[in-house]
Amino acid sequence: MRKADPRRPRPARQLIAAVLALAWLAPAAARAGENGWQRITGPPALELPRDHGAHPEVQTEWWYLTANLRDAAGHRYGVQLTFFRSGLDARPPAAGGSPLRARQAVAAHLAIADVERGAFRHAERVGRADGGFTGFSTGDLLAWLGDWQLERRPDDTLVARAVDRTAEVGIELSCRPVKPLVLQGDDGYSRKGADPDNASVYLSWTRLEVTGTLTLDGRELAVAGAGWFDHEWGSSQLGEGVAGWDWFSLRLDDGSELMVYRLRRTDGSPDPYSSGTLVRPDGSTRRLAVGEVELEPAGWWTSPATGGRYPSGWRIAVPTEKLDLTVAPLLRAAELDGRASTGVVYWEGPVEVTGSHRGEGYAELTGYAGSLQGRF
């Protein structure tokens with residue numbers, strides 16, 4: 001891969017970014033044109049490491065890394081780095097067509113929660129995937145946008161690098177899986193609606209050993225902790241009437257992990273295709289049906305910037321597994337406004353767990369500052 005240009009985007013590049021952001025805002029059905037995108041209709045025949053890489057034959061894909069970290073003084077931080085790939089045109093290039101026509105776009109979000117200071121910083125980027133300044137590999141995990149990069153090494157270690165000088169934040173992290181890759185849903189087939197192709201392929205490393213540095217306001221801090229990584233791809237993920245989702249990735253003190261994915265309908269009720277996964281200390285998994293998971297908000301927070309009203313604190317119980325958890329955000333104000341890149345506003349922040357078990361993790365809440373119906 002050629003070296004990425006670390007400089008800030010020039011005005012022409014800023015114009016391209018604005019055009020791509022508008023394209024990303026279009027409904028999924030409109031962007032799909034004549035249904036040229038490949039659909040996910042059953043468990044995948046995975047080929048690794050190839051399937052850690054990009055799948056440009058489907059419309060939407062993301063690689064998502066979160067971590068709960070501490071510095072030498074014990075101060076806590078939450079980190080999120082996500083790369084999104086979006087197919088903009090599934091049709092073959094037209095003869096004589098412009099080589100500048102955007103066919104694939106990449107966006108990225110970087111967020112750092114400084115728990116002790118009560119500060120939440122985030123930055124975003126978007127660009128046309130051209131293999132130069134912005135791109136992805138189809139042979140293994142490698143996605144980049146300028147000097148932001150996420151890469152898998154041969155031993156499965158993930159290396160994440162991103163710096164934003166305007167927001168004065170940056171990360172350089174090494175993330176080593178300590179448990180096997182989890183195939184969410186039915187051997188990686190994560191169904192999200194009544195139509196069989198309302199689905200994605202969904203893979204996770206649920207417990208990562210994370211070390212590296214954070215940069216905040218010019219201060220470079222050595223940090224260590226634990227993380228979670230998701231890779232998901234598909235072309236028509238959300239079923240009819242789904243406005244968004246509440247998602248939790250929790251690492252518990254008995255060595256297990258809990259993923260809860262609650263699809264939320266426009267009336268606020270859980271969709272029947274909501275699900276979850278319990279990963280036991282030995283790496284074995286048990287899929288949780290929607291009726292096994294009890295999820296109740298314990299409070300609310302309203303964003304002064306967007307007016308989005310988000311749950312803020314939860315009780316999550318799985319009686320069949322003797323789990324009764326209180327999940328609290330470490331920062332209430334952790335809304336990420338991605339309207340200049342993906343067009344989506346969502347809440348994403350670190351959480352701590354008490355109750356029958358202690359632990360930590362992340363929560364993601366979408367559709368509270370605008371429905372995602374028809375977008376995924």
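**Exercise 1. A buried charged pair**

Task: In this predicted model, decide whether R152 and D140 are buried or exposed, and then describe how the two residues are connected.

Solution. Start with the surroundings: R152 is buried, and D140 is buried as well. Next, look at the contact between them, where R152 and D140 form a salt bridge whose closest N and O atoms lie 2.8 Å apart. Then place the partners along the chain: R152 belongs to strand β7, while D140 sits in the loop between β5 (134-136) and β6 (142-145), and the pair, 12 residues apart, links distant parts of the chain. As a last step, set this one contact beside the total, since a search of the whole structure finds 26 salt bridges.

**Exercise 2. Strand β7 and its neighbours**

Task: Find out how many of the residues of β7 are buried, and work out which way β6 and β7 run with respect to each other.

Solution. Begin with the strand itself, which is mostly covered, with 4 of its 5 residues buried. Turn then to one neighbour: β6 and β7 run antiparallel and are joined by 4 bridges, and within this pairing L145 stands opposite W148 in β7. The two strands form a hairpin with 2 residues between them, and G146 in the turn has a positive phi of about 65 degrees. Now consider β8, which runs antiparallel to β7 and is joined to it by 4 bridges; here L150 has A160 in β8 as its bridge partner. This second pair also makes a hairpin, in this case with 5 residues between the strands. When you inspect such strands in the structure, keep in mind that side chains in a regular strand alternate between the two faces of the sheet.

**Exercise 3. Unusual backbone angles**

Task: Where does D156 lie, and what is the sign of its phi angle?

Solution. First locate D156, which is found in the loop between β7 (148-152) and β8 (158-164). Then read its angle: phi is near 80 degrees, a positive value in a residue other than glycine. Finally, check the accessibility, which is 27% in relative terms, so D156 counts as partly exposed.

Apply the steps again to D187, which lies in the loop between β10 (182-183) and β11 (189-191). Its phi is positive, at about 55 degrees, although D187 is not a glycine, and with 48% relative accessibility D187 is partly exposed. To finish, examine a peptide bond: L48 and P49 are joined by a cis peptide bond with omega about 15 degrees, and P49 lies in the loop between α2 (28-31) and β1 (60-71).

**Exercise 4. Further salt bridges**

Task: Which parts of the chain are tied together by E360 and R251, and is each of R286 and E292 buried or partly exposed?

Solution. Take the first pair: the side chains of E360 and R251 meet in a salt bridge, 3.4 Å from N to O. Because E360 lies in strand β25 (residues 359-366) and R251 in strand β14 (residues 242-252), the pair ties together parts that are 109 residues apart in sequence. E360 is partly exposed at 28% relative accessible area, whereas R251 is buried at 3%.

Continue with R286 and E292, whose side chains meet in a salt bridge of 2.4 Å, N to O. R286 has a relative accessible area of 26% and is therefore partly exposed, while E292, at 16%, is buried. Besides such pairs, salt bridges that share partners join D114, R117, R121 and D217 into one network.

Notes: Residues are numbered from 1 along each chain as its sequence is written. This is a predicted model: local features need pLDDT of at least 70, side-chain atom pairs count only at pLDDT 80 or more; totals for chains, interfaces and linings use all residues. Side-chain values use heavy atoms; hydrogens and water are left out. Buried means under 20% relative accessible area, exposed over 50%, partly exposed in between (1.4 Å probe, protein chains only). A salt bridge is a side-chain nitrogen of Lys or Arg within 4 Å of a carboxyl oxygen of Asp or Glu. Two strands pair if DSSP finds at least two bridges between them.
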